[in-house]
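Visitor: I should like to go through this structure with you, starting from the contact between its chains. Please set out the terms as they arise.

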Amino acid sequence: MKKLLKGGRVVDPRNGIDGTYDVLIDGDRIARVGRDIPADGATVVEIPPGLVLCPGLIDMHVHLREPGQEHKETVATGTAAAVAGGFTAVACMPNTTPVNDSANVTTQILSKAAEANLARVYPIGAVSKGSKGELLADIAELRDAGCVAISDDGHPVATALLMRRALEYAGMFDMPLIEHCEDQSLKGDGVAHEGFHASVLGLRGIPGAAEALGVERGVLLAELTGSRLHIAHMSARASIRAVRKGKEAGVRVTCEVAPHHFTLTDEMLGAPVAYDTNTKMNPPLREAADRDAMIAGIVDGTVDAIATDHAPHHYDEKQVEFDRAPFGIVGLETAVSLTFDRLLHSGLVRLPRFVELLSSNPAQILKIPGGSLAVGAVADISILAPDLKVRVDARSFRSRGRNTPFDGWQLRGGVAATIVGGRTVFTNVEAGLKNL
Amino acid sequence: MSLHDIDSTDQAVTPAARDAAPPPLTALRSKDLLGIADLSAAEITLVLDTAEAMKEVGTRPIKKVPALRGKTVVNLFFEPSTRTRTSFEIAEKRLSADTLNIAIATSSVAKGETLSDTALTLEAMAPDMIVLRHSSSGAGHLLSRICRSGIINAGDGTHEHPTQALLDAFTIRERKGRLSGLKVAIVGDLLHSRVLRSNIQLLTKMGADVWVSGPPTLIPAGMRDFGVTATAHVDEAVGDADVIMLLRIQLERMEGAYFPSQREYFNVFGMTESRLRLARPDVMIMHPGPMNRGVEIASEVADGPYSVILDQVANGVAVRMAVLYLLAGGVDHEEAA
């Protein structure tokens, strides 16, 4: 079964490709990328001008909530949201109920993903048993079951010693440890970024230093162990500085930033809706200087990946007092539009860098298939519509979570279609694609 | 019903109101009072002027007017409170409202009900006003989004306590004749104080020169952007002050390592008679209560001639009557806006 995608701008930075090409898919693999490829029996799909084909986008930080928190999200609804958001693969964090600290849980997640048959799902295993920060989880077992990284996300690895051990141990498989950086004593019972806006509203503050302390610790331990460390959801300017310094010193550290942290600031706490719990996430929305440092890090290459930290919650859980609401917002169905609108159309980032941040770098960090349209690679392709006018409508999300501060936003740039393993799993009729 | 049915003299017209260029307001724009942040200077003046008329009601042999007859006011208190709840209740009764007190111990919150559900349940019984005291900042905003009833914030977490700031302003204006141009020093636990936030909003809007002081551990981030001068050197704040407001130091703060001991706090920040001499000779000493004598304030100061602490309590009733009257007294807010 062959499919020929004719025309369209193909952007594949891993292979140095950026231009108008045809892409031939044979079964679940890329057969060829070139000019004027003959149809030769393949189903031909004309790509309308203005659309972009790239290696499938990978969100390396999502919470699919299954098993145990299916009222928030399931593997099926989360992967439906992923493909609607242009993602062909997601890596899901282990803070489910029970925690993904055993092959049983990993296998359950993978079987749900196979059943849903939408985006690829790469589970991330826990660093410690129950993510309790005491004993190491069975990391080899997790890896054999399909985990691609380890993390105690939701919390930092409890102690420097345990983190050192985990880095050393996971280092034998060259698996990255993904760290949620936070000094918990400094964070305390904070609920918002420590600054003017939290002070006005009487919300307990979390200083950026709470995160940066964790980043500094992580970079030092990655240097000590020589193992790979990936810093999750960076938000503070001092964190960017710490990663930049680490990279300059040759430490094997990578990092990600979420779209809300390069788009929003803590001003959102008070307006347009004061105390909107959809502006509450951890790490929190920070001040403009931090937001600008995230953008600078993305532009100068300090930041390796854009990841959403997609954290769906039931509306009941968010319809409470601000300090009692859970942290987290959904991100899968807004990430591409926000990245286009805020970074690409403002001229800060060009398409090849966009694809690096959302596809090839995450694939490389997690050592998973994709991130490239090389011959023989998996036929995971995102077809993007950089100029599509998008109005965010939370009620139409595939995700069970509607907790987004972007509801009603008008953005430029969206998703036209998503192809996983040669199979079209999402088509946006508004983008003008037919017969895909 | 108009204000003149209560008080036909023109004593409500104050120098501050006369100085204001635009014609005086007759109503507030919102159905709620969630914070001083939402009030304009003209609205603040309206509340204070109305409170003067209300204060007169409290001097009559029969301290009751029919302004809120047939209106239902629910005092929904999720935190223990004696003085604020009592003050609201007296204010409501003097305006002839039907009042209902719900305290946390007897509410269904203990059974795990959310604030939203509690509010919807109350709302179904169609009260006109809900007076809310809650430990979470922004609880009133949540209620306001759910309820058609007017919401009066009687203290939400560490956010605002607007009627306290209004009664403080009333007390200052009563003594000094104005708010504009006065140097007001606010000293104590700034970080955890909703009284501070409301007072800063109100006093800066009314043109006062506001200084705040306390241990650096208890000064909120970004104070400069509030339009006040923050200093850990209390003598600078108190120097030449017209008004000194003291904030309660909660004794459990020592456990958070905010300061070493009550004794040290008193030595460095406590309002003593000798420190008081740095202020203007006609300085007013204020405290929202309850006081910790010998911690933030020396007894000699609390009981001394400069103290207006009991006037604040008395004025609280008049100011709350004014707020209730302006929000629930038959004015159509849609129309007023």
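Guide: Contact here means heavy atoms within 4.5 Å. This is a predicted model, in which local features need pLDDT of at least 70, side-chain atom pairs count only at pLDDT 80 or more, and totals for chains, interfaces and linings use all residues. Residues are numbered from 1 along each chain as its sequence is written, chains are lettered from A and ligands numbered from 1 in the order in which they are written, and side-chain values use heavy atoms, with hydrogens and water left out.

Visitor: How many residues does the contact take from chain A and from chain B?
Guide: The contact draws on both chains. Chain A gives 17 residues, and chain B gives 22 residues.

Visitor: How much area do chain A and chain B bury between them?
Guide: Buried area is the accessible area (1.4 Å probe) that two parts lose on being put together, summed over both. Carbon and sulfur atoms carry 56% of it here. The value for chain A and chain B is about 1,500 Å².

Visitor: Which residues of chain A lose the most area to chain B?
Guide: Three residues together account for 35% of what the chain A side buries. They are A:F196, A:Y275 and A:E321.

Visitor: How many residue pairs are in polar contact between chain A and chain B?
Guide: A polar contact is a pair of N or O atoms within 3.5 Å; within protein, one must be able to donate a hydrogen and the other to accept it, and residues adjacent in sequence count only if both atoms are side-chain atoms. A salt bridge is a side-chain nitrogen of Lys or Arg within 4 Å of a carboxyl oxygen of Asp or Glu, and across this interface the rule finds zero salt bridges. For polar contacts, with both residues at pLDDT 80 or more, the count is nine residue pairs.

Visitor: Which residue of chain B does A:F196 form an aromatic pair with?
Guide: Rings of Phe, Tyr and Trp (its six-membered ring) pair if their centres lie within 6.5 Å; planes under 30 degrees apart count as stacked, over 60 as edge-to-face and the rest as tilted. The search finds six aromatic pairs over all chains. This one is edge-to-face, at 5.1 Å centre to centre and 70° between the planes, and joins A:F196 to B:F226.

Visitor: Where does B:F226 lie in chain B?
Guide: Helices (H or I, at least four residues) and strands (E, at least two) are DSSP runs, numbered from the N terminus. The pair crosses between chains, starting from A:F196 in helix α6 (residues 196-201) of chain A. On the other side, B:F226 lies in the loop between β6 (209-213) and β7 (229-231) of chain B.

Visitor: Is B:F226 buried or exposed?
Guide: Buried means under 20% relative accessible area, exposed over 50%, and partly exposed in between (1.4 Å probe, protein chains only). A:F196, at 24%, counts as partly exposed. B:F226 has a relative accessibility of 12% and therefore counts as buried.

Visitor: How many residues apart in sequence are the parts that A:R237 and A:E287 tie together?
Guide: The side chains of A:R237 and A:E287 meet in a salt bridge at 3.5 Å, N to O. A:R237 lies in helix α8 (residues 237-248) and A:E287 in the loop between α9 (259-263) and α10 (288-300) of chain A, so the parts tied together are 50 residues apart.

Visitor: Is A:D290, another salt-bridge partner of A:R237, buried or exposed?
Guide: The side chains of A:R237 and A:D290 meet at 3.2 Å, N to O. A:R237 is partly exposed at 38%. A:D290 has a relative accessibility of 3%, so A:D290 is buried.

Visitor: Which residues are linked with A:D174 in a network of salt bridges?
Guide: A:D174 is found in the loop between α4 (160-171) and β11 (177-179) of chain A, and has a positive phi of about 50° although it is not a glycine. Its network partners are A:R228, A:R252 and A:K367.

Visitor: What is omega for the cis peptide bond from B:G289 to B:P290?
Guide: B:P290 is found in the loop between β9 (284-286) and α11 (299-302) of chain B. The bond from B:G289 to B:P290 is cis, with omega near -10°.
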